[in-house]
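Student: Please take me through a close look at one exposed spot on this protein, and then walk outward from there. I work at the bench, so plain words and real numbers suit me best.

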Amino acid sequence: MNYFVKPGKKIYGEIECAGDKSISHRLALLGALASGDTIIRNYCTGQDFQSTLHCLAQLGVQHESSNNSIIVHGVGLHGLSATNSVLDAGNSGTTIRLLTGILAAQKFASTITGDDSLIQRPMKRIIEPLSLMGAQIEARKNNFPPLSIRGTELKPVSYILPVGSAQVKSAILLAALYAKGVTKIYDPFNSRNHTENLLPLFNAELHTENGWISLQNPATMKGINYMVPGDFSSAAFFISAALLLNNSSLLIRNVGLNPTRTGLLKVLHSMGAVIPLIKEYDIGNEMTGDFSVSSSELASITVDNTIVPSIIDELPLLAVLATKAHGLTIVKDAKELRYKETDRIKTITDNLTAIGIQINELKDGFTLKGPQTIIGGTVDSYGDHRIAMAMAIAGIASQEGIMIKNTECINISNPQFFTILNDILQ
Ligand code: S3P
C-alpha cells in the first residue's frame, strides 16, 4: 500500500501507545515456560508479537485474548511439544533469536525461519554462544535462517557479549533456564534489560552484580499478571512530530521509560528539546511515566557508542530530526543498524536523499548538516516499519508532502500509527 503524507501545521492532544513490543515477546515466551497462566495486559498489537504467539501455538502453547489482554496457558519448562511444521517467525528478529535459545534445549528437533527480510539477518551471534552451551544448530551459510535445531542437554557458560544485542543476551538467558548450574553473562553495552527485569517476577533466580548477570538453574517458573507499559519506540515518532511542527503540544501517558531504551530522550534533551517529565512510576520492574512535548528549536548532536544501544531503533528517526537541527549531527559506532529489518543506514540515507536532503552515509552511521528544507517526493519503506514511520514524520514536516511506498509494514510494530498521527495532526 502507498500512503501520501501531507505537510502538517501542528500537533496537539493526548495519546497513549500500545504495549511495548520487546516486553510483550518476553512475557509470552516466559509465560509459555511457566506453570499456570500469564496474563499480558496492554500487549503489543503489532504482527511481530503475533509471530511469537503463533510459533508458541505450533509448539503446543495455547493462548486466548480477552479485552485488552492475552492469556498464555503456560506448559512449564518441559512441556513444549514437537512440531513437524517449520516455525515461522515472520519479520521478527526477537522471535527467532529468543525462541532458538529455548528450542536448543528441547528433547526434539525443530526448524525455524522467517520472511524475506528475516532470512537475511545474522544468526551467528546466537549460534556461537548457544554452541558453547552444547547447542546443535545448523544455519544457511552458517549464519542465516532457516535454523535447524537439534534439541539437546545444555551446560552453563560465562559469556561476554561481543555485540550490543539484547536478543543475543536473552537467547542465552532463556537457554540457561535449562542448563544446570549458574550461567553468567557480561553485557558491556548495557543493552535493553527487559529479560533480566522479568525473569525474577516469574520466580527465576537472577542476580546482577558489577555488570555480570547470573542465572541460577534449576528454575521453576510461575505465571504472572502483567501490565505492559506503552512502547517508547512507538511514542518516539509522535514525540518527534510534536518537536518538528511549530506551536505543538502533546501529552504522552504510560510510556515505558526504561533507561536502556530511552537514549532518544537523553539525546533530545541535549539537543534542546522541551520534554518535561510529569510523573514516573515503576510497573513490573519497568520505569513508566507521562511526559509532555512542545515544539522546540533543536541543536545538532554527536551520537556514539556510549549511547547507541539505547537509541538504536530510533536512529532513522533521529536522521529526520537532524534535518531541522542547527549544525552538524554525527551518528557513528552504529554499524548494527545495517543488520536490522533493512540496512537502515542505507535505507534512511537513500530516502532522505530522495526528498531533497543532503546526508552523508558513513560505514557505521551518517552525518547531516541542518537545518535543511524537506522538499518532498516519493520514498520506499523497503518493507521496514521504522523506515516507513520515520518517513511519515518527515512528510508532515515537508513542503510538498511525501508519498511512501509499501506502508503495510507499519503493522509489524504499530498498527495504530496513522490513526494516532491523524488524530493529533492539525
Ligand atoms: C530487541 C532488541 C534490539 C532491537 C529490536 C528489539 C529486543 O535488537 O533493535 O528492535 O526485543 O530484544 P538487537 O538485540 O539485535 O540489538
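**A close look at one loop residue**

Tutor: Happy to! In this predicted model, asparagine 210 is exposed, with a relative accessible area of 67%. The cut-off behind that word is over 50%, so 67% earns asparagine 210 the label. To find asparagine 210 on your screen, go to the loop that links strand E12 (205-209) with strand E13 (212-217). Now turn to the backbone there: phi of asparagine 210 is positive, about 50°, although this residue is not a glycine.

Let us carry that backbone feature to another loop. Asparagine 247 is a residue other than glycine with a positive phi, near 60°. Asparagine 247 sits between helix H7 (232-244) and strand E15 (249-256), again in a loop. With a relative accessible area of 62%, asparagine 247 is exposed.

While you are looking at the backbone, check two peptide bonds. Proline 145 and proline 146 are joined by a cis peptide bond, with omega about 0°. Proline 146 belongs to strand E9, which covers residues 144-150. A cis bond also runs from glycine 370 to proline 371, where omega is near 0°. You will find proline 371 in the loop that follows strand E22 (365-370) and leads to strand E23 (377-380).

For a contrast with the exposed asparagine 210, try threonine 94, which counts as buried at 7% relative accessibility. Threonine 94 is part of helix H3, residues 93-103. Leaving aside residues up to four places away in sequence, threonine 94 touches His25, Arg26, Leu99 and Gln167. Serine 170 is 76 residues away along the chain, yet its C-alpha atom is 9.1 Å from that of threonine 94.

Glutamate 408 falls between these two cases: at 37% relative accessibility, glutamate 408 is partly exposed. Look for glutamate 408 in the loop between strand E24 (402-405) and helix H13 (417-424). The C-alpha atoms of glutamate 408 and isoleucine 11 are 24 Å apart, with their positions 397 residues apart along the chain.

Now zoom out to the whole protein. There are 13 helices and 24 strands, and 60% of the 426 residues count as buried. A compact globule of 426 residues would have a radius of gyration near 22 Å, so the 21 Å of this protein agrees with that expectation. Along its principal axes, the C-alpha trace spans about 60 × 45 × 45 Å. Among contacts between residues at least 6 apart in sequence, 76% join residues at least 24 apart.

The domain assignment gives domain 1 (3-19 + 229-424) and domain 2 (21-154 + 217-227). Their C-alpha centres lie 29 Å apart. Where the domains meet, 21 residues of domain 1 are in contact with 18 residues of domain 2.

Finally, the surface and the charges. The accessible surface is about 16,000 Å², with 48% belonging to carbon and sulfur atoms. The protein has 35 positive and 37 negative side chains, and the centres of these two sets are 3 Å apart.

Note on methods. Residues are numbered from 1 along each chain as its sequence is written. This is a predicted model: local features need pLDDT of at least 70, side-chain atom pairs count only at pLDDT 80 or more; totals for chains, interfaces and linings use all residues. Side-chain values use heavy atoms; hydrogens and water are left out. Helices (H or I, at least four residues) and strands (E, at least two) are DSSP runs, numbered from the N terminus. The radius of gyration is taken over C-alpha atoms; the globule rule is 2.2 Å times the number of residues to the power 0.38. Buried means under 20% relative accessible area, exposed over 50%, partly exposed in between (1.4 Å probe, protein chains only). Contact means heavy atoms within 4.5 Å. Accessible areas come from the Shrake-Rupley method with a 1.4 Å probe; for residues, only the protein chains shown count as cover. Lys and Arg count as positive and Asp and Glu as negative; His and the chain ends are not counted. The place of a charge is taken as NZ of Lys, CZ of Arg, CG of Asp or CD of Glu. Domain bounds come from an automatic or database domain assignment.
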